[in-house]
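Visitor: I would like to learn how the labels on a model like this are earned. Please take them one at a time.

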Amino acid sequence: MAPNTATAVTTPLSSSVHSCSGGSLEHDETQLWKDLSVTSWKNSVMNKDSVFYELYIDTRRRIVEACAKHKYDVVVEVGCGTGEVIGHLHELKTPRIGVDINPDFVKHCKEAYESSATSPIEFHVADAMKLDEWWAFMGFDKKYKAPLMVCPNNTIMIMPEEIRDTVIEKMRVVAGIEGRIVITYWNGKMFAHGVMGFYKKNADLCGTFDLTQDHVDWEAKKIETRSSYKSEWPTSDDVCRWMASLLIPVVLAEPEQQDTLEVDHVAEVGMGVYLWLKGISPQNSSMGTARDYYDDKDTQTFYRTIWGENNTHVGRYDLVAKDPTLANADLRTKIRKAQELQEDTFMETIKGHYGEAKVRCLDMGCGYGGLLRNMDKKNMLWSGVGVDISGEMIDAAARLSKDNKNLTFYRQSYMNTSVPDEGMDLCISTEAFLHVGPGNHEAVLREAWRVLRPGGRLIFTDIVGHPFAPPEAKALYERIGLQSFQTIDGYFEVAEKMGFGELSFEEHSPNVSIHYGSVLEALEELWEKDEGINIKESTKDRMVDGLTKWRDLADSCLQWGIISMRKLEETSLSRSPSISVFERLPRT
């Protein structure tokens, strides 16, 4: 993908979720959760025969131990239900707050759990999607500085899928830099046990269902009953990949570990999977990540209108200039043709190593998936997998590739994919690695090493810093949330430490300035036309500013071309570490 070039507040107690069209849409499962009866929920989870009883006990234990070890000044349960976690932490002296979208649950909790001077507790109706707004509205942001935010009992997975990332972000923002969050999931490895031991026994709570694909997806570990109740059971690996897609660093702890690690981590314990994360300051929330940039509506409109819905990378304008048939072509035609010619050159580089042999290929940061589709069209692939942190990109890639039966796309970080060890002959990427910065390129190359078979190759393009770049380069890398650009020598140094060899760089740097100048001119032309491009003026102004900087500084500050390396021998660095480190990108 190409580098980055570019709310109304509702009441905190509002519980609607907004549709893409801007209207208000109440999700079936959200309404269902609001309407659940207290008795049904309480009876389903709190008797000693419940499959979740031990998980509840363990969750409470870990919260009490965490408060004993740290200076958390409040415990907040998001989705407190009937209070079976927060309401039973009697031994805590720390203030407790329970919030839920269901007024009956909150009413029950207020009546069932008595607050005292030594163990204060209170309950409120609130929407997790607006948790930070509600927190400030109540004045709690001034009163508490180190909250322990808790969301147990798979509550996060009962929420609509499209709001889960936001709820996690809101919890981290409320926790702040001194607080922490813990989320418990129902363990996907125990899904069958849950279907028979919980859902079948609690039809009054969840609704009735058959053991057919209409209601139970055994492979994906999802259930949807006739009453529209929905839930999903992730494994610890699923949660790790989810966090990687959010650029959040996690450690995968040993299964059944009784101690709670201090680092951000995922731990599998019996029926549950625990996720512990540190809080963040509001200015470091996910609006500053590459994912949210590419998921933005205006960004998508910009790329699709100018680049086209195939790829969003730098093209070979030097080759366009040599084609007399393109001399009088309009700018957007030249931009798209330059991309096509670059892809042709890229694929010829691949064929130079693999000949006519088909390969298993992973595209790391695949964007719209156009390169994989073109490789598939040219009969170069046995199979292709594309990963990208942008849901918008992945959805588009899947839609555009519906006729490419051997292509699969996942919303995952290219630093932590679900691809099996040594499952690929080739890894590719186009201007994606720059987004995570030089500090994470060791993790990028380690993941490529892991998934490549012995002798496999990593071939990619990237925008890197010129070794003698002037200080003005800072204006470019800071714009995309980095502290510096990688260099070719830097890539090669990391690659050699990993055990890669046969390193090469085919340079085509002059195209970068031409590319961004062409995109800038095309954007300004479209803006002057009625209905030329439907983006906000503030977005246009920001993109013009960014594109101008890329155009003017590229020749002196940047290099670009095709980088190639081959997996040769294992080193201590190429083996996977116990900790996966992913740098969260600041606001751009």
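Guide: Gly532 is a good start: its relative accessible area is 19%, and it counts as buried. This is a predicted model, in which local features need pLDDT of at least 70, side-chain atom pairs count only at pLDDT 80 or more, and totals for chains, interfaces and linings use all residues. Residues are numbered from 1 along each chain as its sequence is written, and side-chain values use heavy atoms, with hydrogens and water left out.

Visitor: Why is Gly532 called buried?

Guide: Buried means under 20% relative accessible area, exposed over 50%, and partly exposed in between, with a 1.4 Å probe and protein chains only. Gly532 has 19%, so Gly532 is buried.

Visitor: Where does Gly532 lie?

Guide: Gly532 is in the loop between α21 (510-528) and α22 (537-557). Helices (H or I, at least four residues) and strands (E, at least two) are DSSP runs, numbered from the N terminus.

Visitor: Which residues is Gly532 in contact with, leaving aside its neighbours within four places in sequence?

Guide: They are Thr305 and Leu526, where contact means heavy atoms within 4.5 Å. Thr305 is 227 residues from Gly532 in sequence, yet their C-alpha atoms are 8.7 Å apart in space.

Visitor: How do you know how many disulfides the whole structure has?

Guide: A disulfide is a pair of cysteine sulfur atoms within 2.5 Å, and a search of the whole structure finds zero. For Cys80, the nearest cysteine sulfur is that of Cys109, 4.5 Å away. That value is outside the cut-off, so Cys80 is in no disulfide.

Visitor: What makes Cys80 buried?

Guide: Cys80 has a relative accessible area of 3%. The limit is under 20%, so Cys80 is buried. Cys67, at 10%, counts as buried because of that limit too.

Visitor: What makes β4 and β5 a pair?

Guide: Two strands pair if DSSP finds at least two bridges between them. β4 (residues 96-100) and β5 (residues 121-125) have five bridges, so they pair, in the parallel sense. Ile97 stands opposite Glu122 in β5. On β3 (residues 74-78), four bridges join the strand to β4, again running parallel, and Val78 stands opposite Val99 in β4.

Visitor: How do the residues of β4 point, and are they buried or exposed?

Guide: Arg96, Gly98 and Asp100 point one way, Ile97 and Val99 the other way, and all are buried.

Visitor: Why is the unit of β4, helix α4 and β5 called right-handed?

Guide: A crossover is right-handed if, with the strands pointing away from the viewer, the path from the first strand over the helix to the second runs clockwise. β4, α4 (residues 103-112) and β5 make a β-α-β unit with that label.

Visitor: Which strands are the edges in the open sheet β8-β9-β10?

Guide: The pairing in this sheet of three strands is antiparallel. β8 (216-217) and β10 (230-232) are the edge strands, as each pairs on one side only. Three bridges join β9 (residues 222-224) to β10, with Lys222 opposite Glu232 in β10.

Visitor: What is noted about the phi of Asn154?

Guide: Most residues other than glycine have a negative phi. Asn154 is not a glycine, but its phi is positive, about 60 degrees. Asn154 is found in the loop between β6 (147-151) and α7 (155-158). Its relative accessible area is 0%, so Asn154 is buried.
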